[in-house]
Amino acid sequence: MRAPEPPVWSKSQGIEDFLLVIAGAAVSVPIGIFRARAAAYVHHLQGTAETTRQVVLRPVPPG
């Protein structure tokens, strides 16, 4: 069996450490949302570029 993981914050660490954990969580959530939206936008642009490439460019002749 694995040992239980230590808590993120315990009372002996002080209020400053607790506030630091809260600040880190508050910053990480909007960054995660931003990264997810950016990834979706890049995926959309890749699809658009691929469609444009298929419509505009001629196929390469064999040989």
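## Arg 53 and its place on a lone helix

Arg 53 is partly exposed, with 43% of its relative area accessible. That residue is a handy way into this model, which is predicted rather than determined by experiment. Arg 53 pairs up with Glu 50 in a salt bridge, and the closest N and O atoms sit 2.5 Å apart. Glu 50 has a relative accessible area of 35%, so this partner counts as partly exposed too, given that the partly exposed class runs between 20% and 50%. Both residues belong to helix H1, with their positions 3 residues apart in sequence, or about one turn of the helix. How many salt bridges does the whole structure hold? A full search turns up 1.

Now for the overall picture. The secondary structure amounts to 1 helix and 0 strands, and helix H1 covers residues 15-56. The radius of gyration is 24 Å, whereas a compact globule of 63 residues would come in near 11 Å. Measured out along the principal axes, the C-alpha trace spans about 70 × 35 × 15 Å. What share of the 63 residues counts as buried? The figure is 0%.

As for the surface, about 6200 Å² is accessible, and carbon and sulfur atoms account for 68% of that. Part of the nonpolar surface is a patch formed by Tyr 41, Val 42 and Leu 45, which together offer about 290 Å² of accessible area. Val 42, one of the three, is located in helix H1. On the charge side, there are 6 positive and 4 negative charges, and their mean positions lie 15 Å apart.

Here are some helix H1 residues side by side, with their relative accessibility.

| Residue | Relative accessibility | Class |
|---|---|---|
| Ser 28 | 43% | partly exposed |
| Pro 30 | 47% | partly exposed |
| Val 42 | 41% | partly exposed |
| Glu 50 | 35% | partly exposed |
| Arg 53 | 43% | partly exposed |

Ser 28 and Pro 30 also give a feel for distances along the chain. Ser 28 lies in helix H1, and 24 Å separates its C-alpha atom from that of His 44, 16 residues away along the chain. Pro 30 has its place in helix H1 as well. How far is Pro 30 from Arg 58 in space, C-alpha to C-alpha? The two are 43 Å apart, with a sequence separation of 28 residues.

Why does Pro 30 count as partly exposed? Because its relative accessibility is 47%, which falls between the 20% limit for buried and the 50% limit for exposed. Ser 28 lands in the partly exposed class by the same reasoning, since its value is 43%.

To pull it together: the predicted model has 1 helix and 0 strands, 0% of its residues buried and 1 salt bridge, the one between Arg 53 and Glu 50.

Terms used:
Residues are numbered from 1 along each chain as its sequence is written. This is a predicted model: local features need pLDDT of at least 70, side-chain atom pairs count only at pLDDT 80 or more; totals for chains, interfaces and linings use all residues. Side-chain values use heavy atoms; hydrogens and water are left out. Helices (H or I, at least four residues) and strands (E, at least two) are DSSP runs, numbered from the N terminus. The radius of gyration is taken over C-alpha atoms; the globule rule is 2.2 Å times the number of residues to the power 0.38. Buried means under 20% relative accessible area, exposed over 50%, partly exposed in between (1.4 Å probe, protein chains only). Accessible areas come from the Shrake-Rupley method with a 1.4 Å probe; for residues, only the protein chains shown count as cover. Lys and Arg count as positive and Asp and Glu as negative; His and the chain ends are not counted. The place of a charge is taken as NZ of Lys, CZ of Arg, CG of Asp or CD of Glu. Patches are made of residues with over 30% relative accessible area and no salt bridge: like charges are joined within 9 Å, nonpolar side chains (Val, Leu, Ile, Met, Phe, Trp, Tyr) within 5 Å. A salt bridge is a side-chain nitrogen of Lys or Arg within 4 Å of a carboxyl oxygen of Asp or Glu.
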